[in-house]
Amino acid sequence: MASRYDLICNVKGGSEHKIWRIKVRVIRLWRSSYFKDNNNKPMIELVVLDEQGGRIQCTVKSIHVYLFENSINEGNVYMLENLCVALNSGKYKPTMHEFRMFFKRETRVTLVEDSSIPLYGFSFVPFVEILNETKDDRHLVDVLGVVTRKVNLIEFKKEGKPCNYVVIELENIEGGLKLRWSVGVSNTTYNSKLFINANIPEIEDFQMRLKSSNSQQGIQFSQLSDHASLTLEEEFLERGVYKSIADLKEVTQNSVFVTIGTVKDIES
């Protein structure tokens with residue numbers, strides 16, 4: 001007997017006549033616009049999760065937003081039917097799936113009740129993979145840790161507009177590894193989400209392990225004040241605006257940024 005719906009792990013391209021039908025929970029929903037066009041509504045982007053933990057990105061293009069914007073809410077479970085599939089070629093990918101799915105005019109959305117699909121579907125990445133740079137930085141990741149240090153608010157300008165950001169230091173339990181501003185993680189423009197001491201099983205479990213961990217005694221919170229004694233090099237790294245090498249390639253004006261990389265060759 002054929003399954004009543006498809007699993008995300010089986011979703012693939014090349015099946016033009018395949019009518020995909022997936023039962024999923026919307027674990028992230030955000031709107032994004034890659035073009036400054038006030039005539040079109042921003043696209044709706046989703047990350048959906050199925051009962052086996054599979055995750056895939058789904059997109060509602062601007063021309064179809066009016067059909068679905070009132071039918072989909074973050075946290076609900078839906079049966080989605082008749083979507084098309086394409087390679088996930090985006091610059092930053094919110095899932096590890098090779099493909100992504102797109103809503104069509106004919107796509108059907110049905111709200112269903114199903115508690116078997118987790119509410120969040122976290123996939124936490126070990127700090128060691130980030131610090132060793134073994135994780136592909138084109139994929140967005142989930143991290144979990146305790147805040148041990150915070151830098152004062154840093155102000156800067158982007159495209160002439162005033163902006164600000166804050167740097168925090170996260171420490172995990174296993175091995176006391178820390179994520180800092182030099183090698184670490186950063187939020188993205190539209191779809192990053194921050195949970196602080198939330199009543200979520202994964203966070204509550206981490207807090208319990210933190211209390212019983214031998215490394216607990218070494219975890220202390222500190223804040224870098226404006227009057228801290230810093231060398232010129234430390235102040236530059238501390239207060240400079242960080243950009244990845246990929247982001248630096250897109251800078252079109254004279255500016256000063258902080259980046260990190262490995263020197264592969266030096267031309268004499």
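This short talk walks through the structure shown above, from its overall makeup to a few single residues.

Good morning, everyone. Before anything else, please keep in mind that what we are looking at is a predicted model. In broad outline, the protein has five helices and 13 strands, and of its 268 residues, 34% count as buried. If we take the contacts between residues at least 6 apart in sequence, 59% of them join residues at least 24 apart.

Let me begin with the sheet. There is an open sheet of seven strands, and if you follow it across, the order is β5-β6-β3-β2-β1-β4-β7, with mixed pairing. At the edges stand β5, residues 84-87, and β7, residues 108-112, and each has a single partner strand, so one side of each is left without a neighbour in the sheet. From one strand to the next, the twist averages 40 degrees. As a reminder for those who are new to this, strands of a sheet pair through backbone hydrogen bonds, and they do so either parallel or antiparallel.

Now let us look at strand β2, which covers residues 43-49. How many of its seven residues are buried? The strand is mostly covered, and seven of the seven are buried. M43, E45, V47 and L49 point one way from β2, while I44, L46 and V48 point the other way, and residues of both groups are buried. On one side, β2 pairs with strand β1, residues 21-32, in the antiparallel sense over seven bridges, and within that pairing L29 stands opposite L46. Strand β2 also pairs with β3, again in the antiparallel sense, over six bridges, and here the bridge partner of L49 is R55 in β3. The hairpin of β2 and β3 has five residues between the strands, and in that hairpin G53 takes a positive phi near 90 degrees.

We can compare that with a second hairpin, made by β9 and β10. Strand β9, residues 154-158, and strand β10, residues 161-165, run antiparallel and are joined by five bridges, and I154 has Y165 in β10 as its bridge partner. This hairpin has two residues between the strands, and E159 is the residue that takes a positive phi, near 55 degrees.

Let me return to the seven-stranded sheet and move to β3, residues 55-60, which pairs with β6 in the parallel sense over three bridges. In β6, which runs over residues 99-102, we find R100, and Q57 stands opposite R100. Is R100 buried or exposed? Its relative accessible area is 12%, and because buried means under 20%, R100 counts as buried. Its side chain is joined to that of T59 by a polar contact of 2.6 Å. Setting aside residues up to four places away in sequence, R100 touches several others, among them E45, I56, C84, L87 and N88.

A second residue that I would like to show you is D114, which is found in the loop between β7 and α2, where α2 covers residues 127-131. At 14% relative accessibility, D114 also counts as buried. The side chains of D114 and S116 are joined by a polar contact of 2.4 Å, and, leaving aside neighbours within four places in sequence, D114 is in contact with K23, R25 and V77. Although D114 and V24 are 90 residues apart in sequence, their C-alpha atoms are 9.1 Å apart in space.

Finally, let us turn to a helix. Helix α3, residues 201-212, has twelve residues and reaches 17 Å from its first C-alpha to its last, which is close to the 16 Å expected at 1.5 Å a residue. Which residues of α3 are buried? They are I203, F206 and L210. Seen down the axis of α3, the buried residues fall within an arc of 60 degrees, so they line one face of the helix. What do these buried residues pack against? They pack against β8, residues 146-151, and β11, residues 168-171. The face of α3 turned away from the buried side carries the exposed residues P201, M208, K211 and S212.

To close, I would ask you to take two pictures away with you: strand β2, with its seven buried residues, and helix α3, whose buried residues line one face. Thank you for listening.

Notes:
Residues are numbered from 1 along each chain as its sequence is written. This is a predicted model: local features need pLDDT of at least 70, side-chain atom pairs count only at pLDDT 80 or more; totals for chains, interfaces and linings use all residues. Side-chain values use heavy atoms; hydrogens and water are left out. Helices (H or I, at least four residues) and strands (E, at least two) are DSSP runs, numbered from the N terminus. Buried means under 20% relative accessible area, exposed over 50%, partly exposed in between (1.4 Å probe, protein chains only). A polar contact is a pair of N or O atoms within 3.5 Å; within protein, one must be able to donate a hydrogen and the other to accept it, and residues adjacent in sequence count only if both atoms are side-chain atoms. Contact means heavy atoms within 4.5 Å. The expected span of a helix is 1.5 Å times one less than its number of residues. The arc is that of the directions from the helix axis to the C-beta atoms. Two strands pair if DSSP finds at least two bridges between them. Axes are lines fitted to C-alpha atoms, for helices over the stretch in contact, and angles run from 0 to 180 degrees between N-to-C directions.
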